[in-house]
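With the model open in your viewer, please follow the selections below in the order in which they are given.

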Amino acid sequence: MVDYKIVKYCRWCKERFVVSKGESKKYYCNSCQLKIDNERESS
């Protein structure tokens, strides 16, 4: 079976990023995901 890439747009900064088929439910780019994780830790 072929593992293909999906082009998505970040919900926060609208930047375009590429994910594999297994990460298809990812909504934020890597930099925004780090910001979100840091906010959750500090809360």
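Begin by selecting Cys 29, which counts as buried at 3% relative accessibility; bear in mind throughout that this is a predicted model. With Cys 29 still selected, look for the closest cysteine sulfur, which belongs to Cys 32 and lies 3.6 Å from the sulfur of Cys 29.

Add Cys 32 to the selection, and note that this residue is buried as well, with a relative accessible area of 2%. Why is there no bond from Cys 32 to the closest cysteine sulfur? The sulfur of Cys 32 is 3.6 Å from that of Cys 29, which is too far for a bond, because a disulfide requires the two sulfur atoms to be within 2.5 Å. By this rule the count of disulfides comes to 0.

Next, select Arg 11 together with Tyr 27 and turn the view until the ring of Tyr 27 faces you: the charged end of Arg 11 sits over this ring, 4.0 Å from its centre. If you go on to search for pairs between aromatic rings, the count comes to 0.

Finally, move to strand 2, which covers residues 16-20, and select Ser 20 within it. Is Ser 20 buried or exposed? With a relative accessible area of 17%, Ser 20 is buried, because the cut-off for that term is under 20%. To see what surrounds Ser 20 beyond its neighbours within four places in sequence, display Asp 3, Tyr 4, Lys 5 and Ile 6, with which Ser 20 is in contact.

Notes. Residues numbered from 1 in each chain as written. Predicted model: local features only at pLDDT ≥ 70, side-chain atom pairs only at ≥ 80, totals over all residues. Heavy atoms only, no water. Helix = DSSP H or I, 4+ residues; strand = E, 2+ residues; numbered from the N terminus. Buried < 20%, exposed > 50% of the residue type's maximum accessible area, 1.4 Å probe, protein only. Contact = heavy atoms within 4.5 Å. Phe/Tyr/Trp six-rings, centres within 6.5 Å; stacked < 30°, edge-to-face > 60°. Lys NZ or Arg CZ within 6 Å of the ring centre and 35° of its normal.
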